[in-house]
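Q: I would like a close look at a single part of this model, followed outward into its surroundings. Please keep the account connected.

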Amino acid sequence: MRLLIIEDEPDLLRALSRALREDGYAVDTAEDGEDGCFKALDCDYDAIVLDWMLPVMSGIEVLTALRAKKQTPVLMLTAKTAVAHRILGLNTGADDYLAKPFDINELRARLRALIRRSAGQARDQIVIGNVSVDTWSKTVTLAGEPVILTAREYALVEYLVLRRGKMVSRTELYEHLFDENEDSLSNLLDVRVSLVRKKIGPEFIVTRRGQGYCIP
Amino acid sequence: MKLPPSSLRTRILLWHGALLACVLAAFGFTAHRLHWNGELVRLDRELDEPLSLLHRSLHGQNAREGNPPGPRSAPPVTYEMPKNLADQFVARGLEFSVWTRTGKNLDRSSSMPETTAMPPIDKAVPFVVQRRSHGNMREAYLITPPGECFLVATSMVNEQRSAARLGWWLLALGTGILGIGLLVDAWILRRAIQPVEDIISAAERISRGNLSTRIESTAGAELGRLTNVLNKTFASLDRTFTQQSRFTADVAHELRTPVSVLIAETQGILERERENDEYRETISTTLRSARRMSGLIESLLELAQIESGADLSRSTCDLASLSTEVLQSLQSTVEARRIVLEQKLEKASCEANAAQITQIIANLLTNAIQHNEPGGHVLIETGHSDAKALVRIENSGPGIPATDLPHVFERFYRTDTSRNRKTGGVGLGLAICKAIADTHGAALEACSLPGGITRFTLRMAR
């Protein structure tokens, strides 16, 4: 899952991106509205965390520009708490609204819910054969036994599970599982897929040569 | 509309009603009296002729029977009402009675009440017609010098009835007028009191917390003035409360960001074991946030203190020498940022609080240096203009956009370009300057000049 955080307060941006990276998200950051808008339009993020009061372009302006082109889920994270602001934010196209100061676990839960809904899943628990994936606790069980996955491995499983039965290209996986600072030409993805297969089973992820990966 | 018994309107209405009732009663009574007196005069005139007829007839008989008029010498022997006269009297509804000088009733008409006594003759002036009312009879009588008495009477029943009718009519009329008067009075009072009611309802709305309400303007000099004064008061209350609530909202907003940083950082770091470097970094971030909140609180307190007007001892101070002091303290910053500083300091004395004016100059100069590009230009000028002492500070640099210029003195207002938190500042510096200038009755203005020059001017009354 790849996120974009647009926040002008450097300390908060750092704390947020660290926490979300530790959850296995690939996180891109932007410190002003213009940069954030450019990135949001350039790349298909799984969700965007957007501040309201930003230099150059306000959060609302970014949201307006984004909504003209894309449906990326947006969570507004702002110090503007008035009801009128919440309404304006949601009406402009935000999918969720969280006021500062916030609890980081609430932010995580809301982001998870946003991503889950945008993938068309209403529940946390997804069962495929004898494999069960819980997007809330970020755990995978195989025939009732927990499987120990790293955060990045789990992210791969979750991304494919949420798009079960669909062919997901390598480019798409790179776009959603790696952030802007990682080298997309490496074989990191192949390594990760083979690690997951070792832990869950060789048939769990199917490779279609030249097309990508799929969980049937 | 409800009228509480103690209301001003009720009392005025009651007094007016009582007054009107008295006046009407006096008029009614007078009218009734005049009417009654008129009736009596008419009756009396009607009785005059029969009385003289009666007198003449008796006088004639006396003369015939050799009873010369004399002081109570002897009573007339007989008296008999001539038949034709009696008939005439009866036909006209008149009664008569005749007494001798000894008081003996000589003759009287048949329907004359027996109770009718002979009028007292002692006080009577002879041959002058006297009148009296007796029961429902009006009587006229004449006493001769010897003491004989002739009395003619007529019934007043019709007159009394018409007088009573008049009385009732006057009473009804009076009551009607009183009622109409009270209604008109109530209407006038209501119109006169309406502004007061408006004021009361506006004050009630305000007391319920609707501070934007105003009293509708009303005519009338006294209440109009009161309305103006109250509206001004309401407006200033409204302004104060709006400022207060906006300020509270601003403070909450400004505190939210550092608190968010604190919570997010500490929550993140506490989730698992970390490297020492990570702990160090997090602790220094939290320290930075705490310092920012502390700075905000200090600035807020300072602002509150300035606005409360406390500690405003004034003395004669020279803006040029204050500026020199500030420049000395900022020397190192100027050098570090390689600012080209130009000074045109002329003596400019004014009455002011030296510490506060120093703060204005320091804040403006610090801004001029910090929001400047490295190697930029800063000009400080002091002097007199139009009987004002003034300080003018100009700096090159990115400049302030025209849309932001009117707002630079607002609390927590930051232009987009200056909103970078790395330069520090909580957005209260210029608000503090403005507050100080306001307590001094001085003018502080900002304007943009061509070429990205920003100019701040402080004008002090001398």
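Which residues of α1(A) are buried?

A: In this predicted model, the buried residues of α1(A) are D11(A), L12(A), L13(A), R14(A), A15(A), L16(A), S17(A), A19(A) and L20(A). The helix itself covers residues 10–22 of chain A. Its 13 residues should span 18 Å at 1.5 Å a residue, and the end C-alpha atoms are 18 Å apart, so the expected and computed values agree. After the helix comes G24(A), with a positive phi near 95°.

The strands on either side of this helix in sequence can be taken next. Strand β1 of chain A comprises residues 2–6 and is joined to β2(A) by five bridges, the two strands running parallel. Within this pair, L3(A) stands opposite V27(A) of β2(A). Strand β2 of chain A, residues 26–30, is mostly covered, since five of its five residues are buried. From β2(A), the residues A26(A), D28(A) and A30(A) point one way, while V27(A) and T29(A) point the other way; all of them are buried. In general terms, strands of a sheet pair through backbone hydrogen bonds, in either a parallel or an antiparallel manner.

The helix and the first strand both contribute to the nonpolar interior. The largest nonpolar core has 66 residues, and those that touch the most other members are L3(A), L16(A), I48(A), L50(A), L75(A), V157(A) and L160(A). Helix α6 of chain A, residues 151–162, gives the most to this core, with eight residues. One of the highly connected members, I48(A), is in contact with L4(A), I6(A), A40(A), T72(A) and V74(A), when its neighbours within four places in sequence are left aside. A second, separate core has 35 residues, including I306(B), L364(B), L430(B) and A431(B). As a general tendency, nonpolar side chains in soluble globular proteins are buried together.

For chain A as a whole, the secondary structure comes to eight helices and eleven strands. Of its 216 residues, 41% count as buried. Among contacts in chain A between residues at least 6 apart in sequence, 58% join residues at least 24 apart.

Another helix of chain A offers a parallel to α1(A). Helix α5(A) has 15 residues and reaches 21 Å from its first C-alpha to its last, close to the 21 Å expected at 1.5 Å a residue. Its buried residues are I104(A), L107(A), R110(A), L111(A), A113(A), L114(A) and I115(A). Here too a glycine follows: G120(A) comes after α5(A) and has a positive phi, near 85°.

The loop that leads into α5(A) holds a backbone feature of its own. P101(A) is found between β5 (96–99) and α5 (104–118) of chain A, and the peptide bond from K100(A) to P101(A) is cis, with omega near -5°. Most peptide bonds are trans, and most residues other than glycine have a negative phi. A143(A), which is not a glycine, has a positive phi near 50°. A143(A) lies in the loop between β8 (139–142) and β9 (145–147) of chain A. With 10 other C-beta atoms within 10 Å, A143(A) is exposed, because a residue counts as exposed at 12 or fewer.

Chain B has a corresponding case in D386(B), whose phi is positive at about 50° although this residue is not a glycine. D386(B) is placed in the loop between β9 (377–385) and β10 (388–395) of chain B. D386(B) is exposed, with 6 other C-beta atoms within 10 Å.

Chain B also contains an open sheet of five strands, in the order β2-β1-β5-β4-β3, with antiparallel pairing. Its edge strands are β2 (105–108) and β3 (130–134) of chain B, each of which pairs on one side only. Neighbouring strands of this sheet are turned by 20° against each other on average, direction ignored. Strand β1 of chain B, residues 94–99, is joined to β2(B) by three bridges, and these two run antiparallel. S97(B) stands opposite R108(B) in β2(B).

Finally, the two chains meet: 18 residues of chain B are in contact with 14 residues of chain A. On the side of chain B that touches chain A, α4 (221–270) and α5 (276–308) of chain B each supply at least two residues. The greatest contribution to that side comes from α4(B), with eleven residues. By class, the same side of chain B has four nonpolar, eight polar and six charged residues.

Terms used. Residues are numbered from 1 along each chain as its sequence is written. Chains are lettered from A and ligands numbered from 1 in the order in which they are written. This is a predicted model: local features need pLDDT of at least 70, side-chain atom pairs count only at pLDDT 80 or more; totals for chains, interfaces and linings use all residues. Two residues are in contact if their C-beta atoms, placed from the backbone, lie within 7 Å. Helices (H or I, at least four residues) and strands (E, at least two) are DSSP runs, numbered from the N terminus. Ala, Val, Leu, Ile, Met, Phe, Trp, Tyr, Cys and Pro count as nonpolar, Asp, Glu, Lys and Arg as charged, and the others, Gly among them, as polar. A residue is buried if 20 or more other C-beta atoms lie within 10 Å of its own, exposed if 12 or fewer, and partly exposed in between; C-beta atoms are placed from the backbone. The expected span of a helix is 1.5 Å times one less than its number of residues. A nonpolar core is a set of buried Ala, Val, Leu, Ile, Met, Phe, Trp, Tyr and Cys residues joined through C-beta atoms within 7 Å. Two strands pair if DSSP finds at least two bridges between them. Axes are lines fitted to C-alpha atoms, for helices over the stretch in contact, and angles run from 0 to 180 degrees between N-to-C directions.
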